[in-house]
Amino acid sequence: MAEHGAHLTAASASDDRPSVFEVVAQDSLMSALRPALQHVAKVLAESNPGRYGFLWRWFDEIYTLLDLLLQQHFLSQFSASFPENFYGLKRIAVGDSKGLYQLASAGLPKKEHWKSILLLVLIPYLKTKLEKLVSSLREEDEYAIHPPSSSWKRFYRAFLAAYPFVNMAWEGWFLSQQLCYILGKAQHHSPLLALAGVRLVRLTAEDIQVLEQKLAAATASQQPAHSIKEQVQSAVKKALGGVALSLSTSLSMGVFFLQFLDWWYSSENQETIKSLTALPTPPPPVHLDHGTGSPLVPKLKTVCPLCRKIRANDTVLSTSGFVFCYRCVYTYVKSHQRCPITGYATELQHLVKLYSPES
């Protein structure tokens with residue numbers, strides 16, 4: 001049994017086919033990065049809506065644009081997407097019988113290259129937008145008012161009824177492809193790779209050596225442009241390359257931190273954290289002893305516990321909920337930094353003035 005299942009975790013030295021755990025790990029990398037970056041955008045937008053609010057409103061479009069630059073850079077330089085290169089994999093064309101594009105530095109054929117770009121970037125974007133559309137339609141169906149015979153209502157109810165089955169068929173397609181890959185019946189673990197006309201293999205020592213030589217040669221052979229057109233093209237190319245390189249470097253360094261953020265802010269983990277860190281229910285206020293100088297609560301609700309007179313400028317302590325005269329409680333809290341009744345630690349910012357309709 002162990003010998004029969006050994007191919008799931010390892011491969012022979014001559015086999016360049018990645019194991020199922022390698023391909024699943026690289027698939028899950030980008031799916032973990034997106035929610036982590038989305039949480040960062042949300043925190044920035046909530047901290048300063050005027051400056052960073054656009055990050056949250058246009059997150060899908062900004063993320064897709066950055067993803068496009070990142071994947072274009074890696075496919076051009078390493079014949080692999082960012083997560084594939086991160087796990088030491090590359091793409092080769094299925095129909096490349098002459099071996100012209102076997103090395104990662106050679107890149108993919110133009111047709112396979114652009115098909116890979118579209119499937120890597122466009123499909124996740126459309127899927128995200130479709131899920132948001134379905135969610136908004138469900139909310140509209142619950143709260144909006146439509147005539148019983150409305151054609152629009154019949155259409156989107158039919159759409160909402162059909163979407164779970166379409167989504168199940170989509171996920172089942174991917175699952176069946178992965179099962180065929182595990183059993184050795186397919187070259188691709190994902191249908192998107194088959195649609196792009198490529199398959200994944202491991203990087204070889206020759207690939208790594210050639211990539212290092214290519215990077216060194218590109219650094220050494222930079223020549224100044226002469227014409228204005230060449231200067232503009234060079235500047236644009238350097239700018240896009242710099243953005244892609246900075247993205248790849250920062251993601252390579254922060255990928256584990258972003259995965260940690262995704263795990264930390266997941267709903268399942270938040271429930272665990274709340275159960276472990278939740279404070280016990282505080283006891284009801286307990287009056288201090290008479291010897292400490294703490295006044296008792298007066299029987300009349302309109303009397304201040306400190307001056308024993310009808311309250312003026314009612315002010316409540318948010319730490320305890322008791323109401324006093326503003327002048328009385330201000331002086332007391334400024335001197336003692338605690339509630340006169342309960343003894344709870346209190347600062348001046350915890351004073352909240354109360355306003356009645358008569359005032």
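**Reading a predicted fold, one feature at a time**

Me: Leaving out residues up to four places away in sequence, Tyr-181 touches Arg-17, Pro-18, Ser-19, Val-20, Val-23, Ala-186, Gln-187, His-188 and His-189. Where does Tyr-181 sit, and is it buried or exposed?

Reply: This is a predicted model, so take what follows as a reading of that prediction. Tyr-181 belongs to helix α6. To call a residue buried, we ask for under 20% relative accessible area. Tyr-181 has 4%, so it counts as buried.

Me: How many residues apart in sequence are Tyr-181 and Val-20?

Reply: They are 161 residues apart along the chain, yet their C-alpha atoms are 7.6 Å apart in space. For the protein overall, take the contacts between residues at least 6 apart in sequence: 57% of them join residues at least 24 apart.

Me: Let me zoom out, then. How many helices and strands are there, and what share of the residues is buried?

Reply: You can count 11 helices and five strands. Of the 359 residues, 30% are buried. As for the outside, the accessible surface comes to about 23,300 Å², with 63% of it belonging to carbon and sulfur atoms.

Me: How should I read a nonpolar core, and which residues have the most contacts inside the largest one?

Reply: The general idea is that in soluble globular proteins, nonpolar side chains tend to be buried together. Here the largest nonpolar core has 16 residues, and Val-23, Leu-75, Val-198 and Leu-200 have the most contacts inside it. At least two residues each come from α1 (20-47), α5 (110-143), α6 (151-182), α7 (191-196) and β2 (198-202). Helix α5 gives the largest share, four residues. There is also a second, separate core of 10 residues, with Leu-317, Cys-325, Val-333 and Ile-341 among them.

Me: What does Leu-75 touch?

Reply: Not counting residues up to four places away in sequence, its partners include Ala-80, Ser-81, Arg-91, His-113 and Leu-120. Look at Ser-81, in the loop between α3 (59-78) and α4 (82-86). With the same sequence neighbours left out, Ser-81 touches Gln-71, Phe-74, Leu-75 and Leu-120. Its relative accessible area is 1%, so Ser-81 is buried.

Me: Which residues make a nonpolar patch on the surface?

Reply: Leu-118, Leu-122 and Leu-126 make one of about 270 Å². Leu-118 is in helix α5, the helix with the largest share of the main core.

Me: How do I read the sides of a helix? Which residues of α11 are buried?

Reply: Check where the buried residues point around the axis. In α11 (residues 326-336) they are Val-329, Tyr-332 and Val-333. They cover an arc of only 95 degrees, so they lie on the same side of α11. Arg-327 and Lys-334 are exposed on the other side. The buried residues of α11 pack against β3 (314-317), β4 (323-325) and β5 (351-353).

Me: And what should I make of a positive phi?

Reply: Most residues other than glycine have a negative phi, so a positive one is worth a look. Gln-337, which follows α11, has a positive phi near 55 degrees. Ser-79 also has a positive phi, near 55 degrees, in the loop between α3 and α4. For Arg-308, phi is positive and near 65 degrees, in the loop between α10 (267-277) and β3.

Me: Is Ser-79 buried or exposed? What about Arg-308?

Reply: Ser-79 is buried, at 1% relative accessible area. Arg-308 has 44% relative accessibility, so it counts as partly exposed.

Note on methods:
Residues are numbered from 1 along each chain as its sequence is written. This is a predicted model: local features need pLDDT of at least 70, side-chain atom pairs count only at pLDDT 80 or more; totals for chains, interfaces and linings use all residues. Side-chain values use heavy atoms; hydrogens and water are left out. A nonpolar core is a set of buried Ala, Val, Leu, Ile, Met, Phe, Trp, Tyr and Cys residues joined through side-chain atoms within 4.5 Å. Buried means under 20% relative accessible area, exposed over 50%, partly exposed in between (1.4 Å probe, protein chains only). Contact means heavy atoms within 4.5 Å. Accessible areas come from the Shrake-Rupley method with a 1.4 Å probe; for residues, only the protein chains shown count as cover. Patches are made of residues with over 30% relative accessible area and no salt bridge: like charges are joined within 9 Å, nonpolar side chains (Val, Leu, Ile, Met, Phe, Trp, Tyr) within 5 Å. A salt bridge is a side-chain nitrogen of Lys or Arg within 4 Å of a carboxyl oxygen of Asp or Glu. The arc is that of the directions from the helix axis to the C-beta atoms.
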